[in-house]
Amino acid sequence: MKLSLLNYNFVPGWSLDRLIAMAQAMGCEGLEFRLERGYGAGLELESPPEERRRIRNRVAAAGLAIANLGTSSRFDAPDPAARRAMIEHTKRLVELAADVDCRRIRVFGDKLPSGVPPMEVARYVGECLGELGEIAAPFGVDVLMEMHVDFNDVDLALTAVETANQPNVALVYNCDPRDLVEGSVRQTYERVARWIRHVHIHEFDGSFPYPELFSLLRADGYDGFLSTEFEKELTPEGYLTVYAALFRAWTGRPGPGEGGVSDS
(Lines give C-alpha, C1' and ligand atoms only; values in the text may rest on other atoms or scores of the structure.)
Protein backbone atom coordinates (compact mmCIF):
# COMPACT_ATOMS: atom_id res chain seq x y z
CA MET A 1 0.00 0.00 0.00
CA LYS A 2 1.25 3.45 -0.90
CA LEU A 3 0.29 6.84 0.52
CA SER A 4 -0.59 9.67 -1.86
CA LEU A 5 -1.08 13.36 -1.05
CA LEU A 6 -4.27 14.79 -2.57
CA ASN A 7 -4.57 18.55 -3.03
CA TYR A 8 -8.30 18.68 -2.26
CA ASN A 9 -9.80 21.14 0.27
CA PHE A 10 -6.99 20.81 2.78
CA VAL A 11 -4.20 22.19 0.59
CA PRO A 12 -5.90 23.60 -2.54
CA GLY A 13 -3.72 26.70 -2.81
CA TRP A 14 -0.41 24.89 -2.57
CA SER A 15 1.99 25.11 -5.49
CA LEU A 16 3.36 21.99 -7.11
CA ASP A 17 6.72 22.48 -5.41
CA ARG A 18 5.12 22.79 -1.97
CA LEU A 19 3.02 19.68 -2.55
CA ILE A 20 6.10 17.72 -3.61
CA ALA A 21 8.09 18.85 -0.58
CA MET A 22 5.28 17.86 1.79
CA ALA A 23 4.76 14.51 0.05
CA GLN A 24 8.45 13.72 0.42
CA ALA A 25 8.44 14.73 4.10
CA MET A 26 5.44 12.45 4.71
CA GLY A 27 7.03 9.50 2.92
CA CYS A 28 4.36 9.54 0.22
CA GLU A 29 4.92 7.77 -3.05
CA GLY A 30 2.37 9.70 -5.09
CA LEU A 31 0.36 12.85 -5.65
CA GLU A 32 -3.29 13.00 -6.61
CA PHE A 33 -4.50 16.11 -8.41
CA ARG A 34 -8.05 17.44 -8.10
CA LEU A 35 -8.89 18.87 -11.52
CA GLU A 36 -11.47 21.46 -12.62
CA ARG A 37 -11.27 23.50 -9.43
CA GLY A 38 -8.49 25.97 -10.29
CA TYR A 39 -6.21 24.67 -7.54
CA GLY A 40 -2.69 25.95 -7.13
CA ALA A 41 -0.70 23.02 -8.50
CA GLY A 42 -1.52 24.08 -12.05
CA LEU A 43 -2.61 20.88 -13.78
CA GLU A 44 -5.84 21.35 -15.70
CA LEU A 45 -7.49 20.20 -18.91
CA GLU A 46 -6.42 23.48 -20.49
CA SER A 47 -2.73 22.92 -19.62
CA PRO A 48 -0.73 23.06 -22.87
CA PRO A 49 1.57 20.18 -23.86
CA GLU A 50 4.69 21.86 -22.54
CA GLU A 51 3.09 22.40 -19.11
CA ARG A 52 1.91 18.80 -19.00
CA ARG A 53 5.46 17.64 -19.72
CA ARG A 54 6.88 19.97 -17.06
CA ILE A 55 4.54 18.68 -14.36
CA ARG A 56 5.05 15.04 -15.35
CA ASN A 57 8.83 15.41 -15.33
CA ARG A 58 8.92 17.43 -12.10
CA VAL A 59 6.87 14.83 -10.23
CA ALA A 60 8.92 11.94 -11.63
CA ALA A 61 12.21 13.68 -10.77
CA ALA A 62 11.00 13.91 -7.17
CA GLY A 63 10.60 10.14 -7.07
CA LEU A 64 6.81 10.34 -7.02
CA ALA A 65 4.01 9.04 -9.21
CA ILE A 66 0.86 10.85 -10.26
CA ALA A 67 -1.46 8.42 -8.54
CA ASN A 68 -4.82 9.64 -9.81
CA LEU A 69 -6.60 12.57 -11.44
CA GLY A 70 -9.80 13.51 -9.66
CA THR A 71 -12.28 14.76 -12.24
CA SER A 72 -15.75 16.27 -11.75
CA SER A 73 -17.30 13.98 -14.37
CA ARG A 74 -20.63 12.47 -13.28
CA PHE A 75 -23.05 10.34 -15.25
CA ASP A 76 -26.28 10.54 -13.26
CA ALA A 77 -28.20 12.82 -15.64
CA PRO A 78 -31.42 11.23 -16.96
CA ASP A 79 -30.94 13.08 -20.26
CA PRO A 80 -28.89 10.91 -22.67
CA ALA A 81 -27.59 14.03 -24.43
CA ALA A 82 -26.16 15.32 -21.15
CA ARG A 83 -24.46 11.99 -20.52
CA ARG A 84 -23.08 12.01 -24.05
CA ALA A 85 -21.61 15.47 -23.52
CA MET A 86 -19.99 14.29 -20.28
CA ILE A 87 -18.46 11.28 -22.02
CA GLU A 88 -16.97 13.53 -24.71
CA HIS A 89 -15.56 15.85 -22.05
CA THR A 90 -14.08 12.97 -20.07
CA LYS A 91 -12.34 11.58 -23.16
CA ARG A 92 -10.13 14.66 -23.06
CA LEU A 93 -9.36 14.05 -19.38
CA VAL A 94 -8.24 10.52 -20.26
CA GLU A 95 -5.79 12.04 -22.72
CA LEU A 96 -4.57 14.45 -20.05
CA ALA A 97 -3.93 11.52 -17.70
CA ALA A 98 -1.90 9.72 -20.36
CA ASP A 99 0.11 12.88 -21.08
CA VAL A 100 1.23 13.15 -17.44
CA ASP A 101 1.87 9.40 -17.09
CA CYS A 102 -1.08 8.87 -14.75
CA ARG A 103 -2.86 5.51 -14.93
CA ARG A 104 -6.16 6.40 -13.21
CA ILE A 105 -8.92 8.95 -13.41
CA ARG A 106 -11.72 9.27 -10.86
CA VAL A 107 -15.31 9.88 -11.99
CA PHE A 108 -18.67 9.87 -10.19
CA GLY A 109 -22.00 8.06 -10.36
CA ASP A 110 -23.32 10.25 -8.45
CA LYS A 111 -26.87 11.22 -7.28
CA LEU A 112 -30.13 9.40 -7.98
CA PRO A 113 -32.41 11.72 -9.98
CA SER A 114 -36.00 11.97 -8.86
CA GLY A 115 -38.46 9.70 -10.61
CA VAL A 116 -35.91 7.28 -12.12
CA PRO A 117 -35.61 3.75 -10.66
CA PRO A 118 -32.23 3.43 -8.91
CA MET A 119 -31.09 0.36 -10.83
CA GLU A 120 -31.93 2.05 -14.13
CA VAL A 121 -29.63 4.88 -13.11
CA ALA A 122 -26.91 2.41 -12.13
CA ARG A 123 -27.21 0.68 -15.49
CA TYR A 124 -26.93 3.83 -17.59
CA VAL A 125 -24.04 5.04 -15.43
CA GLY A 126 -22.40 1.67 -16.09
CA GLU A 127 -22.93 2.02 -19.83
CA CYS A 128 -21.13 5.37 -19.73
CA LEU A 129 -18.30 3.84 -17.72
CA GLY A 130 -18.05 0.97 -20.17
CA GLU A 131 -17.71 3.30 -23.14
CA LEU A 132 -15.08 5.34 -21.35
CA GLY A 133 -13.21 2.21 -20.34
CA GLU A 134 -13.02 1.12 -23.97
CA ILE A 135 -11.76 4.58 -24.96
CA ALA A 136 -9.21 4.70 -22.12
CA ALA A 137 -7.78 1.21 -22.61
CA PRO A 138 -5.35 2.10 -25.45
CA PHE A 139 -3.99 4.91 -23.25
CA GLY A 140 -3.35 2.50 -20.38
CA VAL A 141 -5.74 4.45 -18.14
CA ASP A 142 -8.26 3.02 -15.67
CA VAL A 143 -11.65 4.72 -15.22
CA LEU A 144 -12.56 4.50 -11.55
CA MET A 145 -15.97 5.41 -10.20
CA GLU A 146 -15.86 6.69 -6.65
CA MET A 147 -18.31 5.21 -4.16
CA HIS A 148 -19.74 8.63 -3.41
CA VAL A 149 -23.10 10.23 -2.46
CA ASP A 150 -25.86 7.81 -3.59
CA PHE A 151 -23.37 5.54 -5.34
CA ASN A 152 -21.77 4.75 -2.01
CA ASP A 153 -24.55 2.13 -1.97
CA VAL A 154 -22.83 -1.17 -2.72
CA ASP A 155 -25.62 -2.53 -4.92
CA LEU A 156 -25.59 0.57 -7.12
CA ALA A 157 -21.80 0.66 -7.32
CA LEU A 158 -21.53 -3.01 -8.23
CA THR A 159 -24.31 -2.77 -10.82
CA ALA A 160 -22.50 0.13 -12.48
CA VAL A 161 -19.07 -1.53 -12.75
CA GLU A 162 -20.53 -4.90 -13.72
CA THR A 163 -22.63 -3.24 -16.43
CA ALA A 164 -19.49 -1.49 -17.71
CA ASN A 165 -17.86 -4.90 -18.18
CA GLN A 166 -14.42 -3.49 -18.97
CA PRO A 167 -11.23 -4.68 -17.25
CA ASN A 168 -10.05 -1.10 -16.71
CA VAL A 169 -13.29 0.09 -15.06
CA ALA A 170 -13.31 -0.29 -11.29
CA LEU A 171 -13.90 1.61 -8.04
CA VAL A 172 -12.42 4.22 -5.75
CA TYR A 173 -13.28 3.08 -2.24
CA ASN A 174 -14.19 6.15 -0.17
CA CYS A 175 -14.01 5.02 3.49
CA ASP A 176 -17.51 6.21 4.32
CA PRO A 177 -18.95 5.55 7.82
CA ARG A 178 -22.11 4.33 6.05
CA ASP A 179 -20.09 1.22 5.15
CA LEU A 180 -19.96 0.04 8.75
CA VAL A 181 -22.03 -2.92 9.93
CA GLU A 182 -21.98 -3.23 13.72
CA GLY A 183 -18.82 -1.11 13.76
CA SER A 184 -16.96 -3.23 11.20
CA VAL A 185 -16.15 -2.50 7.58
CA ARG A 186 -15.48 -6.13 6.66
CA GLN A 187 -18.92 -6.98 5.26
CA THR A 188 -19.01 -4.03 2.88
CA TYR A 189 -15.35 -4.33 1.98
CA GLU A 190 -15.61 -7.98 1.02
CA ARG A 191 -18.40 -7.23 -1.45
CA VAL A 192 -16.37 -4.65 -3.38
CA ALA A 193 -12.78 -5.75 -2.69
CA ARG A 194 -12.11 -7.17 -6.15
CA TRP A 195 -13.06 -3.84 -7.73
CA ILE A 196 -10.94 -1.54 -5.54
CA ARG A 197 -8.11 0.14 -7.44
CA HIS A 198 -7.75 3.34 -5.45
CA VAL A 199 -8.76 4.46 -1.95
CA HIS A 200 -9.61 7.85 -0.46
CA ILE A 201 -8.82 8.06 3.24
CA HIS A 202 -10.09 10.85 5.47
CA GLU A 203 -9.39 12.20 8.94
CA PHE A 204 -8.07 9.61 11.39
CA ASP A 205 -10.54 10.80 14.03
CA GLY A 206 -12.09 7.50 15.10
CA SER A 207 -15.21 7.66 12.92
CA PHE A 208 -13.92 4.94 10.59
CA PRO A 209 -11.97 1.76 11.52
CA TYR A 210 -8.82 2.36 9.49
CA PRO A 211 -6.69 -0.29 11.24
CA GLU A 212 -9.29 -2.90 10.25
CA LEU A 213 -9.47 -1.64 6.65
CA PHE A 214 -5.68 -1.61 6.29
CA SER A 215 -5.52 -5.14 7.66
CA LEU A 216 -8.07 -6.29 5.08
CA LEU A 217 -6.23 -4.55 2.25
CA ARG A 218 -2.90 -6.04 3.30
CA ALA A 219 -4.40 -9.53 3.54
CA ASP A 220 -5.67 -9.15 -0.04
CA GLY A 221 -2.28 -7.95 -1.29
CA TYR A 222 -3.53 -4.48 -2.25
CA ASP A 223 -0.52 -2.59 -3.58
CA GLY A 224 -2.26 0.53 -4.87
CA PHE A 225 -2.51 4.08 -3.58
CA LEU A 226 -4.47 5.52 -0.69
CA SER A 227 -4.93 9.29 -1.03
CA THR A 228 -5.46 11.83 1.73
CA GLU A 229 -8.81 13.60 1.42
CA PHE A 230 -9.52 16.03 4.25
CA GLU A 231 -12.43 18.31 5.01
CA LYS A 232 -11.33 19.95 8.25
CA GLU A 233 -9.51 23.26 8.63
CA LEU A 234 -6.27 22.30 10.33
CA THR A 235 -2.62 23.32 10.39
CA PRO A 236 -1.49 21.43 7.29
CA GLU A 237 2.13 20.50 7.94
CA GLY A 238 1.68 19.36 11.52
CA TYR A 239 -1.45 17.35 10.82
CA LEU A 240 -0.03 15.72 7.72
CA THR A 241 3.13 14.65 9.56
CA VAL A 242 1.14 12.92 12.32
CA TYR A 243 -1.26 11.46 9.76
CA ALA A 244 1.60 9.94 7.76
CA ALA A 245 3.08 8.43 10.93
CA LEU A 246 -0.25 6.76 11.76
CA PHE A 247 -0.56 5.47 8.20
CA ARG A 248 2.87 3.87 8.43
CA ALA A 249 2.12 2.36 11.84
CA TRP A 250 -1.15 0.83 10.68
CA THR A 251 0.13 -0.44 7.34
CA GLY A 252 3.66 -1.49 8.26
CA ARG A 253 5.24 0.90 5.79
CA PRO A 254 8.73 2.27 6.52
CA GLY A 255 9.10 6.00 7.12
CA PRO A 256 11.32 8.44 5.22
CA GLY A 257 14.94 7.44 5.63
CA GLU A 258 14.12 4.19 7.45
CA GLY A 259 15.14 2.04 4.49
CA GLY A 260 13.75 -1.24 3.33
CA VAL A 261 10.75 -2.02 1.21
CA SER A 262 7.53 -3.25 2.76
CA ASP A 263 6.15 -6.53 1.48
CA SER A 264 2.71 -4.89 1.18
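Eight strands close into a barrel here, running in the order 1-2-3-4-5-6-7-8 with parallel pairing. On average, neighbouring strands of this sheet are turned by 30 degrees against each other, direction ignored. Please keep in mind that this is a predicted model. Below is a quick tour of one strand pair, a helix that packs on the sheet, and a pair of helices that meet.

**Strands 5 and 6**
- Strand 5 (residues 142-146) pairs with strand 6 (residues 169-173) in the parallel sense, over four bridges.
- Within this pairing, Glu 146 stands opposite Val 172 in strand 6.
- As general background, strands of a sheet pair through backbone hydrogen bonds, either parallel or antiparallel.

**Helix 4 on the sheet**
- Strand 5 and strand 6 are both touched by helix 4 (residues 118-136), which packs on the sheet and also touches strand 4 (104-108).
- The direction of helix 4 makes about 155 degrees with that of strand 5.

**Helices 7 and 8**
- Two packed helices are described by the angle between their axes and the distance between the axes.
- For helix 7 (residues 210-219) and helix 8 (residues 236-251), the axes come within 9 Å and cross at roughly 50 degrees.
- Helix 7 and helix 8 are therefore oblique to each other, and their crossing is right-handed.
- On the helix 7 side, the contact is made by Tyr 210, Pro 211, Phe 214 and Arg 218, while helix 8 brings Phe 247, Trp 250 and Thr 251.
- Sorted by class, this contact of helix 7 with helix 8 has five nonpolar residues, one polar and one charged.

Conventions
Residues numbered from 1 in each chain as written. Predicted model: local features only at pLDDT ≥ 70, side-chain atom pairs only at ≥ 80, totals over all residues. Heavy atoms only, no water. Axes fitted to C-alpha atoms, helices over the stretch in contact; angles between N-to-C directions. Helix = DSSP H or I, 4+ residues; strand = E, 2+ residues; numbered from the N terminus. Parallel < 35°, antiparallel > 145°, perpendicular 65-115°, else oblique. Left-handed = near helix turned anticlockwise from the far one by under 90°. Contact = heavy atoms within 4.5 Å. Nonpolar A, V, L, I, M, F, W, Y, C, P; charged D, E, K, R; others polar. Pairing = 2+ DSSP bridges.
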